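User: I want to learn how to read a fold from its strands and helices. Can you walk me through one, feature by feature?

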Amino acid sequence: MKLISQTLYALVALCLLSACTSEESTEIDTLANLETTIEVENNIELAEEVLDVLNDYRASLGLSALQWHTDSENLAVGHSSYMVAQNAASHDNFYERAAILQENGADMVSENVAYGFRDAASVLEGWLNSPAHKQAIEGDYTHTGVGIVMTETGIPYYTQLFIR
């Protein structure tokens, strides 16, 4: 049983996808995850912890702290909810989220997603072990929104949007 748990943890830890930036591709997806009629709740306590450990990491590099951005949080929560419904981590519809943020003044937008990490420190560590995710974390951004939605069995799906 211990081997199965370790194997499952290793598989979950490998679930990180490439980070997206608004300048990477022109592929357009549907707007399916931007509109919802059900109320989804952000795990705000965990989201704030993610921001705290991320800002501590940025400070260790001499980078400025990211400020919380409510519009980014709302889009991130919507996407995390979408990933829960799809039962898969993805960057589906990133360009639509980026366009919404850019229409409201953002110069640059990037996104990190993950799932399965049980705490803020472990998701940050996972992202830092991925060059594309690390680039977003260390990027020249000023604001961020974190959306974490839990599955019925308690597995967290993370979306973090970075903007400048």
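User: How many residues of strand 3 are buried?

Analyst: Buried means under 20% relative accessible area. In this predicted model, strand 3 covers residues 109-115, and 6 of its 7 residues meet that cut-off. Strand 3 is therefore largely enclosed by the rest of the structure.

User: Which strand does strand 3 join, and in which sense, parallel or antiparallel?

Analyst: To read pairing, look for bridges. Strand 3 and strand 5 run antiparallel, joined by 7 bridges. One pair to find is Glu111 with its bridge partner Leu161 in strand 5.

User: What does the side chain of Glu111 contact?

Analyst: Check for polar partners. The side chains of Glu111 and His91 are joined by a polar contact of 2.6 Å. His91 sits in the loop between helix 3 (70-86) and helix 4 (94-103).

User: Is His91 buried or exposed?

Analyst: Compare its area with the cut-off: buried is under 20%. His91 has a relative accessible area of 13%, so it is buried.

User: Which strands pair with strand 4?

Analyst: Take each side in turn. Strand 5 (residues 156-163) runs antiparallel to strand 4, with 8 bridges. Within that pairing, Val146 has Gln160 as its bridge partner. Strand 2 (residues 67-68) pairs with strand 4 in the parallel sense, over 2 bridges. There, Trp68 stands opposite Thr144.

User: Why is strand 4 called largely enclosed?

Analyst: Count again. Strand 4 spans residues 143-150, and 6 of its 8 residues are buried, so the rest of the structure largely encloses it.

User: Which residue takes a positive phi in the hairpin of strand 4 and strand 5?

Analyst: Look at the residues between the strands. There are 5 in this hairpin, and Gly154 has a positive phi near 90 degrees.

User: Now a helix. Which residues of helix 5 are buried?

Analyst: Start with the geometry. An α-helix has 3.6 residues a turn, so residues three or four places apart point the same way. In helix 5 (residues 120-128), the buried residues are Ala120, Ser122, Val123, Leu124, Gly126 and Trp127. Their cover includes helix 2 (44-60), strand 3, helix 6 (131-137) and strand 5.

User: Which residue caps the N-terminal end of helix 5?

Analyst: Look for a side-chain oxygen by a backbone nitrogen. Asp119 is the cap, with its oxygen 3.2 Å from the backbone nitrogen of Ala121.

User: How many helices and strands does the chain have?

Analyst: Now step back. The chain has 6 helices and 5 strands. From the N terminus, their order is α-β-α-β-α-α-β-α-α-β-β. Of its 164 residues, 46% count as buried.

Conventions. Residues numbered from 1 in each chain as written. Predicted model: local features only at pLDDT ≥ 70, side-chain atom pairs only at ≥ 80, totals over all residues. Heavy atoms only, no water. Buried < 20%, exposed > 50% of the residue type's maximum accessible area, 1.4 Å probe, protein only. Helix = DSSP H or I, 4+ residues; strand = E, 2+ residues; numbered from the N terminus. Pairing = 2+ DSSP bridges. Contact = heavy atoms within 4.5 Å. Polar contact = N/O pair within 3.5 Å; in protein donor to acceptor, adjacent residues only side chain to side chain.
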